[in-house]
Amino acid sequence: MALFEPEHEKLRPDVNSQALSVIAVENDFVEGVYEKLATVYDVFFGPILHPGRLLALQRMNIQPGTRVLEVGVGTGINSALYPHHCHVTAIDFSAPMLAKARQRVSRKGLHHVTLMEMDAAELTFADGSFDIVYAPYFVNCVSDPLKVVREMQRVCKPGGKIVLLNHFRSTNWFMSRFDRVLTPLTVHVGFKSDLDLPGFLSQTGLQPISIEKVISGLWSLVICRRD
Amino acid sequence: MPVDAELLEILACPNCKTPVRLVKDGAALKCDQCHRVYPIKDDIPVMLIDEATIEP
């Protein structure tokens, strides 16, 4: 894995088989959390996470006619960022979050954005349907991140991009322990803070073409090419 | 129009993974294989097996 320091790899000999997080969550639990968060999500997570969203859109370099799938659209906070010359399909499991997204899409006249209620672990699209499959601040929040990413790979066209904007467990020894300690607490807001990036990439078979740190290095923008 | 023709081409039934078609004047999507009908609520197609009804 060229994008990681060799020393880091040596520390993780079990990268192919290790548990990616110390916490397991169920879909129903996550759905319940986001039902409660729907009304306040934009206030708490809007401005603070925005630099990552802007960088992701910039790096995606969306061309006219591109088909984009946004996995975990939430309140639709990204929707207005997409250029009007592309086609965006945006899915979420939470009906209350989607209701917020619908209001936003309708208010801003975003006719190029289509919303759907769907389970990210069981995407109901044909193989190779999208040029870009993008999951912003989402993979930490699902019960089975590997299953979700495998579905993202399946529906992405060969040569397309899979884009993850996510917090992964720090590579710094102290911060890594901190992430592990924090996870049983952050899980109550539907978020696992200790997802391991090397293990995650290895177990999904994702091939990153770039990994950039955003928002004080706490979040990673991982862009992968679908083989 | 919540589901345009291009999107309909790539959309599949969550149960059978086969194509679906618009029914009820565009108010729902139906899989002809398992006869499940997926509602479109407030312009949002609900592609969840638990939310579908079975209609022959």
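## Exercises on a predicted two-chain model

A salt bridge joins A:Arg102 to B:Asp43, with 3.9 Å between the closest N and O atoms. The structure is a predicted model. The exercises start at the interface and then move into chain A.

**Exercise 1.** Describe the interface of chain B and chain A, beginning with its salt bridges.

Solution.
- Step 1. The rule for a salt bridge asks for a side-chain nitrogen of Lys or Arg within 4 Å of a carboxyl oxygen of Asp or Glu. A:Arg102 and B:Asp43, at 3.9 Å, satisfy it.
- Step 2. Across the whole interface the rule finds three salt bridges.
- Step 3. Residue pairs in polar contact between chain B and chain A, both at pLDDT 80 or more, number six.
- Step 4. On chain B, α1 (5-10) and β4 (44-45) each supply at least two residues of the side that touches chain A. The most comes from α1(B), with three residues.
- Step 5. By class, that side of chain B holds 12 nonpolar residues, no polar ones and five charged ones.

**Exercise 2.** State how much area chain B and chain A bury between them, and which three residues of chain B supply the most.

Solution.
- Step 1. The size of an interface is often given as the accessible area lost when the parts come together.
- Step 2. Here 17 residues of chain B are in contact with 17 residues of chain A.
- Step 3. The two chains bury about 1500 Å² between them, and 60% of this lies on carbon and sulfur atoms.
- Step 4. Of the area that chain B buries against chain A, 38% is supplied by B:Ile10, B:Ile44 and B:Leu48, more than by any other three residues.

**Exercise 3.** Decide whether helix α7 of chain A is enclosed or open, and describe its two ends.

Solution.
- Step 1. Buried means under 20% relative accessible area. In α7(A), the buried residues are A:Leu197, A:Pro198, A:Gly199, A:Phe200, A:Leu201, A:Gln203 and A:Thr204.
- Step 2. That makes seven of the eight residues of the helix (197-204), so α7(A) is largely enclosed by the rest of the structure.
- Step 3. At the start of the helix, the backbone nitrogen of A:Gly199 has a side-chain oxygen of A:Asp196 within 2.7 Å.
- Step 4. After the helix comes A:Gly205, with a positive phi near 75°.

**Exercise 4.** Find what the buried residues of helix α5 of chain A pack against.

Solution.
- Step 1. Eight of the 11 residues of α5 (145-155) are buried, and the helix is mostly covered.
- Step 2. Among them are A:Leu146, A:Val149, A:Met152 and A:Gln153.
- Step 3. These buried residues pack against β1, β4 (130-136), β5 (156-166) and α7 of chain A.

**Exercise 5.** Locate A:Thr66 and A:Val113, and say whether each is buried or exposed.

Solution.
- Step 1. A:Thr66 lies in the loop between α3 (41-60) and β1 (67-71) of chain A. Its relative accessible area is 11%, so A:Thr66 is buried.
- Step 2. The side chain of A:Thr66 reaches the backbone oxygen of A:Gln63 at 2.6 Å. Leaving out residues up to four places away in sequence, A:Thr66 touches A:His85, A:Cys86, A:His87, A:Asp131 and A:Ile132.
- Step 3. A:Val113 belongs to strand β3 (113-117) of chain A. With a relative accessible area of 7%, A:Val113 is buried.
- Step 4. With the sequence neighbours up to four places away left out, A:Val113 touches A:Ser79, A:Val88, A:Ala90 and A:Val105.
- Step 5. A:Glu70 is 43 residues from A:Val113 in sequence, and their C-alpha atoms are 9.8 Å apart.

Definitions and conventions: Residues numbered from 1 in each chain as written. Chains lettered and ligands numbered in written order. Predicted model: local features only at pLDDT ≥ 70, side-chain atom pairs only at ≥ 80, totals over all residues. Heavy atoms only, no water. Buried < 20%, exposed > 50% of the residue type's maximum accessible area, 1.4 Å probe, protein only. Helix = DSSP H or I, 4+ residues; strand = E, 2+ residues; numbered from the N terminus. Polar contact = N/O pair within 3.5 Å; in protein donor to acceptor, adjacent residues only side chain to side chain. Contact = heavy atoms within 4.5 Å. Buried area = accessible area lost by both parts, 1.4 Å probe. Nonpolar A, V, L, I, M, F, W, Y, C, P; charged D, E, K, R; others polar.
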